[in-house]
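Please find below my comments on the model under review. They are set out as numbered points, to be read alongside the sequence and coordinates.

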Amino acid sequence: MATRFTLTICMAGLILPITTWAESGTQVEIHYAPRENLENVDVLEIGRAELSIDMAAYVLSDPQIIEALTDAAERDVVIRLYLDKSQFAEHGPIRGGVVEALLAHPNVIARVKGKGVLMHLKAYAVDGEVLRTGSGNFSRSGLASQDNDLILITDQAVVDAFEANFDSIWARAQNIGALDAPR
């Protein structure tokens, strides 16, 4: 049976509740940059992970996001990263850098889309319970300076749909292991 839930929108530093219909227990939060620094929202959400993070990242270059992912891996959270080939070539591992350290962690498995059009997603699921999606890339400018949104959803059917899509793109035969990808 459908019930009402509160949709939380953060604008101008204010949280505006909007009531709508959805399955019981569903919560949706929408955050907007540059009014709000989306990096802080992502760091907090990644910090809540206890079991797993499945992340599809067109760009992964923000140092605080990379540090939050590394901290999660250190807490024994299993992290799967799926990355865009062109952006990975531009922002990928630098010898001794934070991305290289993240990708080398035993709890992190990373793949790069091998061929075809862009892998343009900017989304992740935490513990199979929360989906983060939206227009903001995981870059400093994408999370703090540009006009972007970040949406957190706890609807299990929505999270499951993301996980099914993630598993499908993760399993593509043309994918390349991130540490094996040309840079």
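1. The coordinates are those of a predicted model. The comments below concern nonpolar packing, one residue in a loop, and the pairing of one strand.

2. L69 is a convenient entry point to the packing. With neighbours within four places in sequence set aside, L69 is in contact with I46, I53, M55, L60, I79, L81 and L102. Apart from L102, these residues reappear, together with L69 itself, in the list of those with the most contacts inside the largest nonpolar core. That core comprises 36 residues.

3. Several helices and strands contribute to this core. At least two residues each are supplied by the helices α1 (38-47), α2 (63-74) and α4 (98-104). The strands β4 (52-57), β5 (78-83), β6 (108-112), β7 (122-126) and β9 (148-153) likewise each provide at least two. The largest share, six residues, comes from α2.

4. Another core lies apart from the one just described. This second core has 15 residues, and M119, F162, F166 and W170 are among them.

5. A polar residue deserves separate attention. N107 is located in the loop between α4 and β6. Is N107 buried or exposed? Its relative accessible area is 17%, and because the threshold for burial is under 20%, N107 counts as buried.

6. What does the side chain of N107 reach at 2.8 Å? The partner is the backbone oxygen of A73. The side chain of N107 is also joined to that of D76 by a polar contact of 3.4 Å. When residues up to four places away in sequence are not counted, N107 touches A73, D76, V77, V78 and I79. Of these, A73 belongs to α2 (63-74), while V78 and I79 fall in β5 (78-83).

7. Strand β4 is mostly covered, with five of its six residues buried. On one side of the pairing scheme, β4 and β5 run parallel and are joined by six bridges. Within this pair, S52 has V78 of β5 as its bridge partner. The chain passes from β4 through α2 to β5, and this β-α-β crossover is right-handed.

8. Strand β4 also pairs with β7. Which way do β4 and β7 run, parallel or antiparallel? They run antiparallel, and five bridges join them. One bridge partnership in this pair links A57 with K122 of β7.

9. Points 6 and 7 may be inspected together, since V78 appears in both: V78 is touched by N107, and V78 is the bridge partner of S52.

Methods: Residues numbered from 1 in each chain as written. Predicted model: local features only at pLDDT ≥ 70, side-chain atom pairs only at ≥ 80, totals over all residues. Heavy atoms only, no water. Core = buried A, V, L, I, M, F, W, Y, C linked by side-chain atoms within 4.5 Å. Buried < 20%, exposed > 50% of the residue type's maximum accessible area, 1.4 Å probe, protein only. Helix = DSSP H or I, 4+ residues; strand = E, 2+ residues; numbered from the N terminus. Contact = heavy atoms within 4.5 Å. Polar contact = N/O pair within 3.5 Å; in protein donor to acceptor, adjacent residues only side chain to side chain. Pairing = 2+ DSSP bridges. Right-handed = clockwise from strand over helix to strand, strands pointing away.
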